[in-house]
Amino acid sequence: MFYNSTQNASEVVSAAQAIAQGISKDGGLFVPQEFPRYDEATFRALLQTDYKGRAKKVFSDFLTDFTEEEIDECVEKAYTAAKFGGDNPAPMAYTQLGDTKLNILELWHGPTCAFKDMALQILPHLLTKSLKKTYDGKNAVILVATSGDTGKAALEGFKDVEHTKIIVFYPVDGVSPMQKHQMNTQEGENVTVCAIKGNFDDAQTGVKKIFTTPAIAEKLAENNMLFSSANSINWGRLLPQIVYYISAYCDMVNDGKLAFGDKINVVVPTGNFGNILASYYASLMSLPVAKFICASNANNVLTDFINTGVYDKNRQFYTTMSPSMDILVSSNLERLLYKLSGNSDATTREWMTALKSVGKYEVSDEVKAVMNEKFYGGFCDDKQTQDTISRLFRQEGYLCDTHTAVAVNVYEQYVAKTGDDTPAVIASTASPYKFSKSVLQAVAPDAALPETEFDMVDMLNDLTKMPVPAPLASLKDKKARFSDVTAVDDMPQYVLSALNIG
Ligand SMILES: *Cc1c(COP(=O)(O)O)cnc(C)c1O
């Protein structure tokens, strides 16, 4: 199987190249040229196996330049019971809210308690193997600018992975105390964590500048190193996400919640559009999905786009209690647009160029009609988010985080509006303990908040009796290893020193 750029269809690469390179030279994203279609026998075979078995099947169909042994090794190293707290890294929970049934796909049982672990636990293994195939013998240097979740998930994924080094920059006042402590206590011989005096945009701009400075690239090359990216547009982050939708369907059939062949809807709390796109890609492989319900918070640029066909990022940015969805440019949407435009690189390029220059583009009525057949967009604000957490906990004893609550709320709105009773799989993207303060305020609005994040975790645990995930519980006693703070202008020198080459 080969991949081409969404902005230049004649730019064709192998899977290993797509993963090693991250983004195409023309600025486009790599997409598979076709999708394998699974027939009934294939699905029935997947029912009989476990998560790892399902992952191996999907990976082998997309990574045709990897050997079976290589894929086995990647999957076995990534989805261990030790790292994911059990044999199924993405288990289902069944509950309901009023008469509305909720089939919740819990994607947060990994080492950092957010769904990004599902991809970032395996990406380092895919990447080192891809580099070996394309740039044999080089060591990869991963630079990450993070507003919180991605940095920690990338650190955990790359820690002590051979032939890699990872350096994470975060805004000194721009992450939660829990996120800061998660990163500064990171273990591993090949990891470095540094705060920068600036905001997330400064961190991101600083990293991009380092990536594109020829003198730095040369210095790395002299030392047998090269830069690589763990960012969410890398095909190696998207592919692992296809697996859990297929696996959820299999689990629901095996649990007697669906008859084989029944249609489902999918509901996803959306930021960069990676997670929901993975479910759409699963449907192109024959997973029977009727509707994709795209849930946003107050930053409802995607809701407006799905409803009007106009994508317009020129609007106020809101800081919400579901921060991982506070995004105005959803980069993976480009891959959906490419598909909806009939794989037109010219049209995709036109829209993306307009987005860059004027922050806005409009798709044709035809494309909008195709999109609306499959996609529904909705949003809710922070008050509705907290109300949803509270009702779900009071009525059913099920505790969810703020991002998941946005999805549940938008799903309730969808059902009220359409009466559609197709069973829905709701992606749950973080442990409630990762956002203890907002969750605590939702379930105990009148209680006085304790001072530290760890006391909030304890209080939430007392109130709900829901177990605290081991990786968060153990954090309390860990000592910080990293305390560096650097000016944005000093980031290049910081990187060279951290790599011992300047
Ligand atoms: C990253 C993230 C999202 C958004 O996912 P996308 O794939 O970017 O749409 C939602 N919830 C949580 C908790 C996240 O960390």
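This is a tutorial dialogue on reading domain contacts, salt bridges and a buried helix in a predicted model.

Me: What should I keep in mind about numbering and confidence before I start?

Reply: Residues are numbered from 1 along each chain as its sequence is written, and side-chain values use heavy atoms, with hydrogens and water left out. Since the model is predicted, local features need pLDDT of at least 70 and side-chain atom pairs count only at pLDDT 80 or more, whereas totals for chains, interfaces and linings use all residues.

Me: Which domains does the assignment give, and how many residues does each bring to the contact?

Reply: Domain bounds come from an automatic or database domain assignment; here it gives domain 1 (90–112 + 236–429) and domain 2 (435–473). Their centres, taken over C-alpha atoms, are separated by 27 Å. The contact (heavy atoms within 4.5 Å) takes 15 residues from domain 1 and 12 residues from domain 2.

Me: How is the size of an interface often given?

Reply: Often it is given as the accessible area lost when the parts come together. Buried area is that loss, found with a 1.4 Å probe and summed over both parts. Domain 1 and domain 2 bury about 1100 Å² between them, with 74% of it on carbon and sulfur atoms. Of the area that domain 1 buries against domain 2, 42% is supplied by Q386, F393 and L399, more than by any other three residues.

Me: How many salt bridges are there between the domains, and which element gives the most to the domain 1 side?

Reply: A salt bridge is a side-chain nitrogen of Lys or Arg within 4 Å of a carboxyl oxygen of Asp or Glu, and between domain 1 and domain 2 the count is 0. Helices are DSSP runs of H or I with at least four residues, and strands are runs of E with at least two, numbered from the N terminus. On the side of domain 1 that touches domain 2, α18 (382–396) and α19 (402–418) are the elements that give two or more residues, and α18 gives the most, with 5 residues.

Me: How many salt bridges does the rule give, and what does the one between K56 and E76 tie together?

Reply: The count comes to 18 salt bridges. The side chains of K56 and E76 meet at 2.7 Å, N to O; K56 lies in helix α3 (residues 51–62) and E76 in helix α4 (residues 68–78), so the pair ties together parts that are 20 residues apart in sequence. K52, K56, D72 and E76 are linked in a network of salt bridges.

Me: What does a pair within one helix look like, and are K152 and E156 buried or exposed?

Reply: An α-helix has 3.6 residues a turn, so residues three or four places apart point the same way. K152 and E156 both lie in helix α8, 4 residues apart, and their closest N and O atoms are 3.6 Å apart in a salt bridge. Both K152 and E156 are buried, where buried means under 20% relative accessible area, exposed over 50% and partly exposed in between (1.4 Å probe, protein chains only). E156 has a relative accessible area of 16%, and, not counting residues up to four places away in sequence, E156 touches P111, T112, Q121 and Q186.

Me: Which residues of helix α14 are buried, and what covers them?

Reply: In α14 (residues 301–308), V301, L302, T303, F305 and I306 are buried. The cover includes β11 (289–296), α15 (333–340) and α17 (365–374). Just after α14, G309 takes a positive phi of about 80 degrees.

Definitions and conventions. Buried area = accessible area lost by both parts, 1.4 Å probe.
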